[in-house]
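Student: I'd like a close look at one part of this model: the enclosed empty space, and whatever is built around it. Can you walk me through that in one go?

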Amino acid sequence: MSQNKTQKQTRLCPVSRKCGGCQLMNMSYEEQLRFKQAKVKKLLSGFHKVLPIRGMDDPFHYRNKVQAAFGRTRGGEIISGVYQSSTHNIVKTDSCLIEDKKADEIILTVRKLVKSFKLTVYDERNGRGFLRHVLVKRGFTTGEIMVVLVTGTTAFPSKNAFLNKLLESHPEITTIVQNINNKYTSMVLGEGETVLFGKGYIEDVLCGCRFRISPKSFYQINPVQTEILYGKAVEYAQLTGKERVIDAYCGIGTIGIIASKGAGEVIGCELNPDAVRDAKINAKINGIENIGFYCADAGEFMLGMKEQGEKCDILFMDPPRAGSDKKFLSSAVTLSPERIVYISCNPETQQRDLYYLVKNGYKVKKIQPVDMFPFTAHVETVVLMCRDVKK
C-alpha cells in the first residue's frame, strides 16, 4: 500500500479527534509500524533482538466485533456511536475505518428502526429507556452474523415487527439475541439473554479450526492478524506430538485447540465458566480428544500439578493487559516447563513479567511483534522463553 493512499484514507474520519479510539490516525500506516516497532524495541530489546513487526496488507475494516452505544442529543435526536475516550459522551458515527462495513450498516438500520417504531433509548442518568447498545459479531470466514440488542428492560415493544424489518433489510443476519442490562455499569453486556432468532451463536474458522462464538465469548477481533499471531506462537512451541501443554488464560480454547494438533496433551485453564463451557464445545466441534478444560485459577492449578508430581513441557500464556501477577509467575517457575510462549497485548507489563522469569531461570529466545490493531497505539508480541539449563 502506498503512503499517499494511506494518508488520503486516514483523513476520511471526521470524528477521530472526538472519538479518541484511533490514536495514530494522523500517521500513514508505514509510520505506524515504525512507531510500534520502536516501542517494542525500547521495552524488550534488552532481553533479545526484536524481529520486524508483522503488519497488514490492508489495515482497514479489520474489526469483526462492533459495538455502538445508543442515546439522544439535547435536541432529542436518537444517535448511536462510540463513547468519547474516558467519558460516556456518545460520539455519533455512521461508519468507521477500522470496523466491519456490514456491521456498521446493520447498526445504522437499527437506529432508523428505533426511530420508526418509536422505541426509547436508554438514559444512564435516570436508568430508564429501552435500547442501550447494539453489538454485532461477524465470522469473516463463515460469513455468519450475530446481532445483540442490549436493552434496559425485558419488555420489547413491537418485537416481531421490528425483527422482521431488520431481517428484511439484512437477510445475511444468522442470529439475533436480546441481552438485558439494567444496571448502572460501564459493562456493555448484562447477565440475562434471550435468543430472538437463529441459534444464539455464530461460528468462525481460525487456523483451520472451527470456533463457536456466543455474545459473551472473547474472540480476537482481527482474524487476519490472529492467524499470524497464533501461528507464530505454535511455531515457537516446537511441538513434536509428545508434549504436555498448558494453555493458561485459555478463554474459549483457541490457542490450545490449534496447538492440540501437534501436541501429546493440552490442558486449558480459565476462571470464566462460560468460556470453559464454550471451550469444551469447541473441542467437540473439532473432534479433538487430547485436550481438557478446567474452570480454575491457572497458578493454583499448576501448583497442584507440581504437588502431585506432574510435569508440563510447554506453557502458553496470554494474560490480560495488566499482565500476570507474581502468584501466577511463581507457579510457572515452580512447575518449570521447558518452554514458555508468552503472548501479550501490552509490552509494558510483559517487560515486567519477563524480568521476573529471566531472574528465575528462563532465557528469552525470540520476540515477534504483530500489529493486531492498526491506527491504535496497541501492539501484540509473541515471546519464546526457554528454561536455562545452567541454573
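Tutor: Sure. This is a predicted model, and it holds one cavity of 30 Å³ or more. The largest cavity takes in about 90 Å³ of space. Its lining is made up of Val66, Gln67, Ala68, Ser80, Gly81, Val82, Thr93, Asp94, Ser95, Glu99, Asp104 and Ile107. Which elements give two or more residues to that lining? They are S1, S2 and H4.

Let's take those walls in turn, beginning with the strands. S1 and S2 run antiparallel and are joined by four bridges. One bridge pair to look for is Phe70 with its partner Ser80 in S2, and Ser80 is also one of the residues lining the cavity. The hairpin of S1 and S2 has five residues between the strands, and there Gly76 takes a positive phi near 95 degrees.

On to the next pairing. S2, which covers residues 78–83, is joined to S3 by three bridges, and these two strands run antiparallel. Gly81 stands opposite Lys92 in S3, and Gly81 is another name from the cavity lining. The hairpin of S2 and S3 has six residues between the strands, with Ser86 at a positive phi near 65 degrees.

Now the helix. H4 spans residues 101–116 and lies across S1 (65–72), S2, S3, S4 (131–138) and S5 (145–151). Against S4, H4 runs at about 150 degrees. So much for the walls.

Zooming out, what order do the strands of this sheet follow? Seven strands make up an open sheet, in the order S3-S2-S1-S4-S5-S6-S7, and the pairing is mixed. S3 (90–92) and S7 (192–197) are the edge strands, each pairing on one side only. From one strand to the next, the twist averages 30 degrees.

Further along this sheet, Val177 is a handy residue to click on. Val177 sits in S6, residues 175–180. Is Val177 buried or exposed? Val177 has a relative accessible area of 1%, so it counts as buried. Leaving aside residues up to four places away in sequence, Val177 touches Val147, Val148, Leu149, Glu193, Thr194, Val195, Leu196, Gly200 and Pro215.

For a sense of distance, go from Val177 to Tyr249: they are 72 residues apart in sequence and 27 Å apart in space, C-alpha to C-alpha. Tyr249 is in the loop between S10 and H7 (254–260). Its phi is near 55 degrees, a positive value in a residue other than glycine. With a relative accessible area of 27%, Tyr249 is partly exposed. Gln238 also has a positive phi, about 55 degrees, although Gln238 is not a glycine. You'll find Gln238 in the loop between H6 (223–237) and S10, where it is partly exposed, with a relative accessible area of 41%.

S10 brings us to another sheet. This is an open sheet of seven strands with mixed pairing, in the order S12-S11-S10-S13-S14-S16-S15. S12 (291–295) and S15 (362–370) stand at the edges with a single partner strand each, so one side of each has no neighbour in the sheet. Here the twist averages 15 degrees from one strand to the next.

At the S15 edge, S15 and S16 (residues 380–387) pair in the antiparallel sense over eight bridges. Tyr362 has Arg387 in S16 as its bridge partner. H3, residues 29–44, lies across S15 and S16 and runs at about 170 degrees to S15. H10, residues 326–335, lies across S10 (244–248), S13 (314–317) and S15, at about 165 degrees to S13.

One last thing to check is the cysteines. How many disulfides does the count give? The count is zero, with a disulfide taken as a pair of cysteine sulfur atoms within 2.5 Å. The sulfur of Cys207 has its closest cysteine sulfur in Cys209, 7.2 Å away, which is too far for a bond. For Cys345, the closest cysteine sulfur is in Cys250, 16 Å away, again too far for a bond. Cys345 itself counts as buried, at 17% relative accessibility.

Methods. Residues numbered from 1 in each chain as written. Predicted model: local features only at pLDDT ≥ 70, side-chain atom pairs only at ≥ 80, totals over all residues. Heavy atoms only, no water. Pairing = 2+ DSSP bridges. Axes fitted to C-alpha atoms, helices over the stretch in contact; angles between N-to-C directions. Contact = heavy atoms within 4.5 Å. Buried < 20%, exposed > 50% of the residue type's maximum accessible area, 1.4 Å probe, protein only. 1 Å grid on protein atoms, 1.4 Å probe; cavity = no way out; pocket = protein on both sides within 12 Å on 5 of 7 lines; lining within 4 Å. Points joined across faces, edges and corners; volume = space filled by probe spheres on them.
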